[in-house]
Amino acid sequence: MSKEKFLMTKIIATLGPATNSVEIITKLIEAGARVFRINFSHGNFDDFDELIDNIRKAEKGTKTFVAILGDLSGPKIRVGKVIAKGVLLEKGQIIRFVKNPIIGGGKGNENSFSTTYPQFIDEVKPDERILLDDGNIALKCISKTGKGDDAFLSCEVVEGNLLSSSKGINLPETQLSLPSLTEKDHRCVEYAVHKSFDFLALSFVREGKDIRELKNKMTELRARPHGLDITGGDLGFSTTYENDDFIPVISKIEKPQAIENLQEILEETDGVMVARGDLGVEMDLAEVAILQKKIVQMCRNMGKPVIVATQMLQSMITETVPTRAEVSDVANAIMYGADAVMLSGETAVGRHPVEAVRMMNRIAGRTSSYIKSEFAEKGKYIRYAGKLNRKATMARGVNMMAKDIQAKLIITWTHSGGSTVFLSQQKMQTPIVAFGENITRLRQMSLLYSIYPVFMKQPKSGSKFIGELNNCLQKNGWAKKGDPVIVVASSPITRRGITNRLVIHYVGETVEE
């Protein structure tokens, strides 16, 4: 392993038909992917079984820890069945949405359509917008007529286009009574827990109670410890070192209601994804970049890991080289402070999935070098209650010391991973090598900024750990004799649940018992 493997901003690759084999997943890891997203909206449990097996085979073959992120479908509303050729909707045309299933555009239903959520006819109010097919078709509700199953909405076409079956429906101005977790989502959560996913992403979050519903479900399934409510800058790891089944929740910000309730959502969630696809449909497209920067900054202020996603290298679905604007988009997300950047269609169905990851890795590497050379991250201290405050204070102190001594690396011995997460949230430009034997935690830390997880059996003492460290760092070419590193651990090193030892070490020095 070489120093080039120290990725600062992490890359998430969505798997799909273009990337479902061990061979391709191996190449994605070698190109820089450290987290693989499985989208529960596409495929069945047999398909997911195969993906998981192939991810773990590729992980073993590359000897690189990678995490699996399950993305719940959420309550997505879709248009019902439409005639095979589709229906061309024209500006000014009046169409209807009805409750009972029909074939839209068919005989007798030339201007009528059904949906997968009939109740939306009772919940959409006059003058509210209805967006179809990712905003390619825009409607305005005019009126509701009738009662019960005979009720229907009359809508005016504001922007026309071809409408076909199963196109998505976005209702940016409507307060829906849909539950945050559908019946399918409940099955997927149970599956994810059974299969030991590393993270779960919750779609279409509107308010804090949506996240609490998922957390309660996971507590019932023993995938979240009882009493672990709101997590701090440690991702909840500090309280879970005896529970390897803990799966953190990543909340996707993609609805206007989520922006209105952003503070309470960030308090409730373990991590955040800026899901710019639906966000850009439901809100003014011109606002998306501003909202992205605001969300990332709020996450940093609160010590919450944050992912920026959707259309980052969209042109590479078909092209071998991204546009200049896409390159700038990825670089800006990194400079804002994202922990990870995500590829969706680029790797799931694209023609050049490995090249897309390799390109994103190049952009991330160059951007990290620029950040390090042009301005140093000052870090941030956030006050927490109890023992977490000691870890937060330690992380801020390590940041300052690392700059003073120009540390080559930050080294941690991790039981739960909590202190290492606090260090990651300082956004230092110094790689953090996290040693430990808790494989679940090592995989989960693959998502987090600047952390490189390495398996090592529990050392018997701190001095023996530093002795093994000397050999490991020099053998792998990560540091040379005399390089300064900062070692963060517990004393004694076998003690769990506390971080109370910080050592400035020069590689090659011997340490007495």
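**Close-up views of a predicted model**

**View 1. The largest nonpolar core of this predicted model brings together 71 residues.** Look here for F36, F40 and L72, the residues with the most contacts inside the core. Helix 12 is the biggest giver, supplying eight residues to this core. A second core, made up of 38 residues, lies apart from it, and A309, M342, V398 and A434 are among its members.

**View 2. F40 and its surroundings.** Setting aside neighbours within four places in sequence, we find F40 in contact with F48 and with a run of residues comprising G70, D71, L72 and S73. Further along the chain, F40 also meets K184, C188, Y191, A192, F197 and L200.

**View 3. Helix 1 packs against helix 2 at an angle of about 50 degrees.** Helix 1 covers residues 22-31 and helix 2 residues 45-62, and their axes are 9 Å apart. The two helices are therefore oblique to each other, and helix 1 passes helix 2 in a right-handed crossing. On the helix 1 side, the contact is made by V22, I25, T26, I29 and E30; helix 2 brings L51, N54, I55, K57, A58, E59 and T62. Sorted by class, this contact has six nonpolar, three polar and three charged residues.

**View 4. Y384 sits in the loop between helix 12 (353-374) and helix 13 (387-405).** Although it belongs to a loop, Y384 is buried, with a relative accessible area of 16%. Its C-alpha atom is separated by 7.6 Å from that of G232, a residue 152 places away along the chain. Not counting residues up to four places away in sequence, Y384 touches G232, G233, M302, G303, N389, A392 and F422.

Notes
Residues are numbered from 1 along each chain as its sequence is written. This is a predicted model: local features need pLDDT of at least 70, side-chain atom pairs count only at pLDDT 80 or more; totals for chains, interfaces and linings use all residues. Side-chain values use heavy atoms; hydrogens and water are left out. Axes are lines fitted to C-alpha atoms, for helices over the stretch in contact, and angles run from 0 to 180 degrees between N-to-C directions. Helices (H or I, at least four residues) and strands (E, at least two) are DSSP runs, numbered from the N terminus. Angles under 35 degrees count as roughly parallel, over 145 as roughly antiparallel, 65 to 115 as roughly perpendicular and the rest as oblique. A crossing is left-handed if the near helix is turned anticlockwise from the far one by less than a right angle, and right-handed if clockwise. Contact means heavy atoms within 4.5 Å. Ala, Val, Leu, Ile, Met, Phe, Trp, Tyr, Cys and Pro count as nonpolar, Asp, Glu, Lys and Arg as charged, and the others, Gly among them, as polar. Buried means under 20% relative accessible area, exposed over 50%, partly exposed in between (1.4 Å probe, protein chains only). A nonpolar core is a set of buried Ala, Val, Leu, Ile, Met, Phe, Trp, Tyr and Cys residues joined through side-chain atoms within 4.5 Å.
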